[in-house]
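Thanks for making time this morning. I would like to walk you slowly through one model, and I ask you to keep the picture in view while I talk.

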Amino acid sequence: MNIAAVDYDGLIPNNVGLGQDVRVKRALEKWHPGYINWWKDMGPEGFQESLVYLRTAVSVDPKGWAKFDYVRMPEYRWGVLLAPQHDGRRIPFGTHKGEDAWQEVPGEYRAMLRRLVVIQGDTEPASVEQQRHLGKTAPSLYDMRNLFQVNVEEGRHLWAMVYLLQKYFGTDGREEAEALLERRSGDPDTPRMLGAFNEKTPDWLSFFMFTYFTDRDGKMQLEALAQSGFDPLSRTCRFMLTEEAHHMFVGETGVTRVIQRTCEAMKQAGIEDPYDIARVRKLGVIDLPTIQKKANLHFSLTLDLFGNEISTNAANAFHAGLKGRFREDRLKDDHQLESGTYPVLRLIDGQIKNEDAPALSALNMRLRDDYVVDCNVGVGRWNKVIADLGIPFEIKLPHVAFHRHIGEFSRTNVDVDGNILSPAEWTERRTAYLPSESDKDFIESLMQPQFEPAKFASWIAPPKVGIDNKPGDFEYVKIADA
Ligand SMILES: [Fe+2]
Ligand SMILES: [Fe+2]
């Protein structure tokens, strides 16, 4: 079988030989109607009949895997795509390091592996649910198309995880696959599994911040799972990462365009002080301090996704060879970590200090550190736009202890610079760091739809290039074809 090519003949596009795997094919076909119902109920609201210029994966060859065309979203060809198998792949880390990679679930780790798959799987539909209202206020057809592209691919990522559950985990895998369609983001009774995926994405700046910060957590998790000794998981995640890159592109360029528009408008109006918020807002753009607050919020919520700094679960998953470190294959050490240490930021006697912890226990912390480095790259590019337009302002990521709900700092009030605050100080200063009600109202007032080709809402600059090299006036979404 040619793994790079995808079989589009059946109901479920795939490159895993589903045609010859009757049991799994039937299981997925049974799951399919429930998925479509979920998509219609919880997917993008109001545009299900519109024609959207979307990319669909037709191959897993990194050089040419996507084709672009107009599609109605419910007719999108969600499929099961695994990156090619590497002959002779070995388990790259943990106690089984050097043994042949598993092609079947290792019995002793079954429950742990299933949990990893379910947690990853749960985030995928959650973000679609969080973003379902945004189409109505899209600042352009270009942005609307990007939103829907991210949404359909998160749907495909759900398929990717459900395939693993259905193929490798029998009855309980089937039950988990059903449950993934039953939980709902933000639902008090049946919420999604992780906190940040139960928050609202109320406006487009939130969407861009979410795709910048939270999809980047997705990238880190997928990179760690792509190292897995369980080969089907590794291959699934490797291909998901190809798609994930676009989501972070949407976030990074989205925030860049918001910043650019703000700075350009300020220059034009002769406003030099970025803190002259009332005057900046009168220009119909989002002031830089408010953009900073949004970054503070989304960064801190996303840090919580990395879990406790010291974690036995993370240690066990590594030890077992199921979940590695960020780009494990490029690290130079024994890949077993039985004896090493890693510095962990902790709260000791009321002070935030580094303390060496066993490297195995500190894996969440390490992944989080790698994440922060990755986040800062794009922040640097945002600041370059601000500097190039001559505005004296810099976006900064807040201290990792700021506004945390999980882990070492969840019971402490810490400001963006890492100073510990009393509860009273925190209450007083909170809206200096995080969006206030009036900030939210202001942003909401800007969220006016702009559905004419080539036009953009007042608060965002056009992109430098179109998707699939399309010209500026390209109609990315044909809404009227509803
Ligand atoms: Fe995803
Ligand atoms: Fe994503």
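**A metal site and its surroundings**

Let me begin with the iron ion written as ligand 2, whose protein donors are Glu154 through OE, Asp215 through OD, Glu244 through OE and His247 through ND1, at distances of 2.0 to 2.2 Å. Please bear in mind throughout that this is a predicted model.

If you follow the chain from donor to donor, you can read off the spacing E-x60-D-x28-E-x2-H for the iron ion (ligand 2). Two of these donors link distant parts of the chain, since Glu154 sits in helix α3, residues 141–168, while Asp215 sits in helix α5, residues 204–225, and the two are 61 residues apart.

What is the geometry of the site of the iron ion (ligand 2)? The angles among its 4 donor atoms run from 88 to 169°, and the site is classed as irregular.

There is also a second metal to consider, for the iron ion (ligand 1) lies 3.5 Å from the iron ion (ligand 2), and Glu154 coordinates both of them.

Are Glu154 and Asp215 buried or exposed? Glu154 has a relative accessibility of 4%, so it counts as buried, and Asp215, at 5%, counts as buried as well.

Finally, I would like to turn to a histidine elsewhere in the sequence, His32, which belongs to helix α1, residues 22–42. His32 also counts as buried, because its relative accessibility is 19%, and the cut-off for that word is under 20%. Leaving aside residues up to four places away in sequence, His32 touches Leu11 and Trp159.

Methods:
Residues are numbered from 1 along each chain as its sequence is written. Chains are lettered from A and ligands numbered from 1 in the order in which they are written. This is a predicted model: local features need pLDDT of at least 70, side-chain atom pairs count only at pLDDT 80 or more; totals for chains, interfaces and linings use all residues. Side-chain values use heavy atoms; hydrogens and water are left out. Donors are N, O and S atoms within 2.8 Å of the metal (3.2 Å for Na, K and Ca); water is not among the atoms, so sites may look incomplete. Four donors count as tetrahedral if all angles lie between 85 and 135 degrees; four count as square planar and six as octahedral if opposite donors are over 155 degrees apart and all others between 65 and 115; anything else is irregular. Helices (H or I, at least four residues) and strands (E, at least two) are DSSP runs, numbered from the N terminus. Buried means under 20% relative accessible area, exposed over 50%, partly exposed in between (1.4 Å probe, protein chains only). Contact means heavy atoms within 4.5 Å.
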